[in-house]
Amino acid sequence: MPKDDSFITDLTAQTSYGGYLCLDELLAAQRPRSSHHDEMLFIIQHQVAELWMKLMIHELQAAIAHVRADRLAPCFKILARVKQVQRQLFEQWSVLETLTPSEYVEFRGVLGPASGLQSYQFRAIEFLLGNKNARFIDVQRHDLSAYERLMKLLASPSLYDEFLRHLARRGMPVPPERVERDWSQPYEKHPGVTAVFKTIYQNTQTFWAEYDMCEKLVDVEENFQLWRFRHVKTVERIIGFKPGTGGTAGVAFLRQTLETALFPELIDVRTEIH
């Protein structure tokens, strides 16, 4: 092998790879509550998902700031990155699927009432994308910081809201009640918004940036739904139709979420194009 003496060995805890990434803290955060071999998989699977979700929140908040400042171009790269993060979240379900029903049942009890339903980062992503449901914030009352953060996101325009406001500033006839409203309420689709998107989709040469933004949003919603579907199938495969640890109906509850539309007019517009 060629000899290479150029790499740096004079390192301190602060300047090393492990120091930069805080690996001591990160790798000490896996603390199984049982002696079962597979609980480590369960913990790491969910911790990795939370790290990807942290990046998604970071990126979606940046995208919202750009749209609010009428800068669509930077959003294209950001949302392309979000799409790749979503792919990672989708694919990692395959690792958890190696956990058999009989293995999981041996340590499921140590979870107590803990459930993915209580992930404040997942709820933050939903709020940033526009799926507002204040009912789910109640499970964060034990954590004041997370509770206040979600309350702020609930009362703020989502990425979709900001895009509609951007289109209105560009002179497009977005209905006023979709430009200013109570942001804490769930978004309801409006035929006037579908009409605006129809103009964009039928005049892509004039509205290419707006069209590109629409398609990036469709990508994000499609990947979000694919992740939800894979979640349903993974849970179904491991626990069948048992209730969820957080008190939900389990698979039946998760299936209901598949009907949620984030950007409804971006699908409706395709029906209107002839």
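**Exercise 1. Histidine 231**

Task: Find which helix holds histidine 231 and which residues histidine 231 is in contact with, leaving aside its neighbours within four places in sequence.

Solution.
- Step 1. Locate the residue. Histidine 231 sits in helix α11. The model is a predicted one.
- Step 2. List the contacts. Once neighbours within four places in sequence are set aside, histidine 231 is in contact with Trp93 and Leu254.
- Step 3. Check the record. An unreviewed UniProt entry carries the annotation "binding site" for His231.

**Exercise 2. Helix α11**

Task: Work out how the span of helix α11 relates to the span expected at 1.5 Å a residue.

Solution.
- Step 1. Count residues. Helix α11 covers residues 208-239, which is 32 residues.
- Step 2. Get the expected span. Multiply 1.5 Å by one less than the number of residues. For α11 the expected value is 46 Å.
- Step 3. Compare. From first C-alpha to last, α11 reaches 46 Å, close to that expectation.
- Step 4. Look at the surroundings. Of the 32 residues of α11, 23 are buried, so the helix is largely enclosed by the rest of the structure.
- Step 5. Look past the end. Glycine 240 comes just after α11 and takes a positive phi of about 65°.

**Exercise 3. Positive phi without glycine**

Task: For cysteine 22 and aspartate 70, give the phi angle, the loop and the exposure class.

Solution.
- Step 1. Recall the background. Most residues other than glycine have a negative phi.
- Step 2. Read the angles. Cysteine 22 is not a glycine, yet has a positive phi of about 55°. Aspartate 70 is not a glycine either, and its positive phi is about 60°.
- Step 3. Place them. Cysteine 22 lies in the loop between α1 (17-20) and α2 (23-27). Aspartate 70 lies in the loop between α3 (39-68) and α4 (73-91).
- Step 4. Classify them. Partly exposed runs between the 20% and 50% cut-offs. Cysteine 22 has 39% relative accessibility, so cysteine 22 is partly exposed. Aspartate 70 has 38%, so aspartate 70 is partly exposed.

**Exercise 4. Salt bridges**

Task: The structure holds 18 salt bridges. Describe the pairs glutamate 97 with arginine 237, arginine 181 with aspartate 161, and glutamate 236 with arginine 255.

Solution.
- Step 1. Take glutamate 97 and arginine 237. Their closest N and O atoms are 3.6 Å apart. The pair links distant parts of the chain, 140 residues apart: glutamate 97 is in the loop between α5 (93-96) and α6 (101-107), and arginine 237 is in helix α11. Glutamate 97 counts as buried because its relative accessibility is 16%. Arginine 237 is exposed, because its relative accessible area is 55%.
- Step 2. Take arginine 181 and aspartate 161. Their side chains meet at 3.0 Å, N to O. Arginine 181 is in the loop between α9 (159-169) and α10 (191-202), aspartate 161 is in helix α9, and 20 residues separate them. Both arginine 181 and aspartate 161 are buried.
- Step 3. Take glutamate 236 and arginine 255. The N to O distance is 2.4 Å. Glutamate 236 belongs to helix α11 and arginine 255 to helix α12 (residues 251-256), so the bridge ties together parts 19 residues apart in sequence. Glutamate 236, at 19% relative accessibility, counts as buried. Arginine 255, at 39%, counts as partly exposed.
- Step 4. Look for shared partners. Arg68, Glu162, Arg165 and Glu180 are joined into one network by salt bridges that share partners.

Terms used:
Residues are numbered from 1 along each chain as its sequence is written. This is a predicted model: local features need pLDDT of at least 70, side-chain atom pairs count only at pLDDT 80 or more; totals for chains, interfaces and linings use all residues. Side-chain values use heavy atoms; hydrogens and water are left out. Helices (H or I, at least four residues) and strands (E, at least two) are DSSP runs, numbered from the N terminus. Buried means under 20% relative accessible area, exposed over 50%, partly exposed in between (1.4 Å probe, protein chains only). UniProt positions are given in the numbering used here, feature names are shortened, and annotations may be inferred rather than shown by experiment. Contact means heavy atoms within 4.5 Å. A salt bridge is a side-chain nitrogen of Lys or Arg within 4 Å of a carboxyl oxygen of Asp or Glu.
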